[in-house]
Amino acid sequence: MDRETRAKRIADLHVFYGQNEVVEELIRAGKIDEEYRYPFVDTDDEVFEWWLVSPYLAGELKEQGEVVIDALDCHWWGRTTSGQAVYMDAAIQAIAGA
């Protein structure tokens with residue numbers, strides 16, 4: 001299986017829903033730490049999209065240095081790119097190439 005096919009499979013199986021409004025509301029309600037509001041302490045990147053992901057993918061994304069929120073028995077990926085399919089994201093491509 002080539003890397004693009006693996007990346008598509010990872011995105012299909014482990015990226016569930018776009019959650020921008022959900023994460024923002026949870027931050028406003030104090031259910032998620034405000035440290036996840038831009039700008040972040042550990043990165044200069046801006047999160048453009050929040051995605052609900054599987055525990056497996058959350059762990060892999062953390063290893064790639066991506067912004068991941070683990071709270072309320074959920075895992076949200078703070079995607080720092082936008083405008084292309086999720087499987088094309090550099091982090092997903094790196095995981096697929098591993």
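## Asking why: glutamine 93 and its surroundings

Q: Why does glutamine 93 count as buried?
A: In this predicted model, glutamine 93 has a relative accessibility of 16%. Buried means under 20%, so glutamine 93 counts as buried.

Q: Where is glutamine 93 found, and which other residues of that helix are buried?
A: Glutamine 93 is found in helix 4, which covers residues 90-97. The buried residues of this helix include Ala91, Ile92, Ile95 and Ala96 alongside Gln93. Together, the buried residues of helix 4 pack against helix 1 (3-14), helix 3 (55-63) and strand 4.

Q: What makes the pair glutamine 93 and arginine 3 a polar contact?
A: Their side chains are joined at 3.3 Å, and the cut-off for such a pair of N or O atoms is within 3.5 Å. The pair therefore counts as a polar contact. Leaving aside residues up to four places away in sequence, glutamine 93 touches Arg3, Ala7, Tyr87 and Met88.

Q: What caps the N-terminal end of helix 4?
A: Aspartate 89 does this: one of its side-chain oxygens lies 2.9 Å from the backbone nitrogen of alanine 91.

Q: Why are helix 1 and helix 4 called roughly perpendicular?
A: The two helices pack at an angle of about 115°, and their axes are 8 Å apart. Angles of 65 to 115 degrees count as roughly perpendicular, and helix 1 and helix 4 are therefore described that way. Their crossing is right-handed. On the helix 1 side, the contact is made by Arg3, Arg6, Ala7 and Ile10; helix 4 contributes Ile92, Gln93, Ile95, Ala96 and Gly97.

Now for the sheet.

Q: What makes strand 1 and strand 3 the edges of the sheet?
A: The sheet is open, with four strands in the order 1-2-4-3 and antiparallel pairing. Strand 1 (15-18) and strand 3 (67-71) each have a single partner strand, so one side of each has no neighbour in the sheet. From one strand to the next, the twist averages 30°.

Q: How do you know that strand 3 and strand 4 pair?
A: Five bridges join strand 3 to strand 4 (residues 74-79). Pairing needs at least two bridges, so these strands count as paired. They run antiparallel. As one detail, alanine 71 has cysteine 74 in strand 4 as its bridge partner.

Q: Which helix lies across strand 1, strand 2, strand 3 and strand 4?
A: That is helix 2 (residues 20-28), which runs at about 95° to strand 2 (49-53).

How values were computed:
Residues numbered from 1 in each chain as written. Predicted model: local features only at pLDDT ≥ 70, side-chain atom pairs only at ≥ 80, totals over all residues. Heavy atoms only, no water. Buried < 20%, exposed > 50% of the residue type's maximum accessible area, 1.4 Å probe, protein only. Polar contact = N/O pair within 3.5 Å; in protein donor to acceptor, adjacent residues only side chain to side chain. Contact = heavy atoms within 4.5 Å. Axes fitted to C-alpha atoms, helices over the stretch in contact; angles between N-to-C directions. Parallel < 35°, antiparallel > 145°, perpendicular 65-115°, else oblique. Left-handed = near helix turned anticlockwise from the far one by under 90°.
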